[in-house]
Amino acid sequence: MEKIHYRDIPRFHVAVDCMIFSVISGRLHILLVERDFEPEKGKWSLIGGFVTEGESVDNAAKRVLYQLTGIHNAYIRQIGTFGEVERDPGARVISVAYFALLNIENIEIKNTPGRVKWVDIDELPPLSFDHPEMIRKALEVMREKILTESLAFNLLPELFTLTQLQSLVESLMGRKLDKRNFRKRVMELPGLFPTDLIDKENSKRGAKLYRFEFKPLKYLS
């Protein structure tokens with residue numbers, strides 16, 4: 001068998017693309033950037049960057065997220081690798097896609113690579129590259145794991161009502177849920193605890209406030 005030398009193998013660029021989701025006015029939104037450079041200049045895309053020498057792919061995703069939002073240790077999850085030959089007209093680029101769920105109140109957008117805006121997930125503009133496919137895959141994973149892995153609680157304040165939780169899950173799922181069945185299911189979740197506090201600001205009758213204790217997260221898994 002012929003021996004293969006690394007120097008004889010073509011070299012490709014490796015990138016990360018980060019989908020940053022949050023809930024605004026009860027609707028799921030994603031943060032997009034308008035590209036101010038070629039290729040695809042002027043089109044909307046996900047936020048991303050290239051993996052640098054001496055940097056792991058996971059750490060590259062964390063860096064991109066931190067540089068844009070200033071947030072450390074956010075929930076961020078890898079959803080797959082995208083490597084079609086013609087996916088990037090600029091060069092042969094293999095991209096590893098991630099999504100993050102962030103509470104809008106904790107985000108301070110900075111160091112933007114172009115004009116950025118929050119876009120309702122049902123009102124996406126035409127996007128660059130294979131970013132629509134990345135978003136579709138992220139939504140599949142998110143909706144499958146929203147309660148089984150407690151993803152929804154990353155978007156809630158420290159204290160919340162069950163009505164707030166259901167409204168959030170419905171916005172992520174894109175459909176209405178039966179109130180009785182939903183509450184029965186969430187009350188079985190480990191880590192969900194009632195408090196002695198009542199929400200009198202958003203509830204006329206006064207709704208009990210809950211908190212959620214996160215188990216240590218396995219980031220990027």
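This report describes the fold, the nonpolar cores, the aromatic pairs and the largest pocket of a predicted model.

**Overall fold**

The protein chain contains four helices and nine strands, and when these are read along the sequence they follow the pattern β-β-β-β-α-β-β-β-α-α-α-β-β. Along its principal axes, the C-alpha trace spans about 70 × 45 × 30 Å. Of the 221 residues in the protein chain, 43% are buried. Among contacts between residues at least 6 apart in sequence, 67% join residues at least 24 apart.

**Nonpolar cores**

In soluble globular proteins, nonpolar side chains tend to be buried together. Here the largest nonpolar core has 43 residues, and the members that touch the most others are Met19, Phe21, Phe99, Met142, Ile146 and Leu165. Both strands and helices contribute to this core: β1 (13–24), β2 (27–35), β5 (75–82), β6 (93–101) and β9 (207–212), together with α2 (131–145), α3 (162–173) and α4 (179–186), each supply at least two residues. If residues up to four places away in sequence are left aside, Met142 touches Phe21, Leu28, Phe99, Leu101, Leu151 and Leu172. A second core, separate from this one, consists of 19 residues, including Ile20, Leu65, Ala100 and Leu102.

**Aromatic pairs and a charge over a ring**

A search of the whole structure finds four aromatic pairs, and the geometry of two of them is set out below.

| Pair | Arrangement | Centre to centre | Angle between planes |
|---|---|---|---|
| Phe21 and Phe99 | edge-to-face | 6.2 Å | 75° |
| Phe153 and Phe160 | tilted | 5.7 Å | 45° |

Because Phe21 lies in strand β1 and Phe99 in strand β6, their pair ties together parts that are 78 residues apart in sequence. Both rings belong to buried residues, since Phe21 has a relative accessibility of 0% and Phe99 likewise has a relative accessible area of 0%. Ring pairs also link Phe21 and Phe99 with Tyr75 into a cluster. In the tilted pair, Phe153 is buried with a relative accessible area of 4%, and Phe160 counts as buried at 1% relative accessibility.

A further interaction with a ring involves a charged group: the charged end of Arg92 sits over the ring of Phe12, at 4.5 Å from the centre of that ring.

**The largest pocket**

The largest pocket holds about 380 Å³ of space. It is lined by 23 residues, of which Arg35, Phe37, Gly48, Phe50 and Phe129 are the closest to its centre. The elements that give two or more residues to this lining are β1, β2, β4 (47–50) and β6, and β4 gives the most, with four residues.

**A buried acidic residue in a loop**

Is Asp130, which is found in the loop between β7 (114–120) and α2, buried or exposed? Its relative accessibility is 16%, and because residues under 20% count as buried, Asp130 falls in the buried class. When residues up to four places away in sequence are not counted, Asp130 touches Phe82 and Arg87.

Note on methods
Residues numbered from 1 in each chain as written. Predicted model: local features only at pLDDT ≥ 70, side-chain atom pairs only at ≥ 80, totals over all residues. Heavy atoms only, no water. Core = buried A, V, L, I, M, F, W, Y, C linked by side-chain atoms within 4.5 Å. Buried < 20%, exposed > 50% of the residue type's maximum accessible area, 1.4 Å probe, protein only. Contact = heavy atoms within 4.5 Å. Phe/Tyr/Trp six-rings, centres within 6.5 Å; stacked < 30°, edge-to-face > 60°. Lys NZ or Arg CZ within 6 Å of the ring centre and 35° of its normal. 1 Å grid on protein atoms, 1.4 Å probe; cavity = no way out; pocket = protein on both sides within 12 Å on 5 of 7 lines; lining within 4 Å. Points joined across faces, edges and corners; volume = space filled by probe spheres on them.
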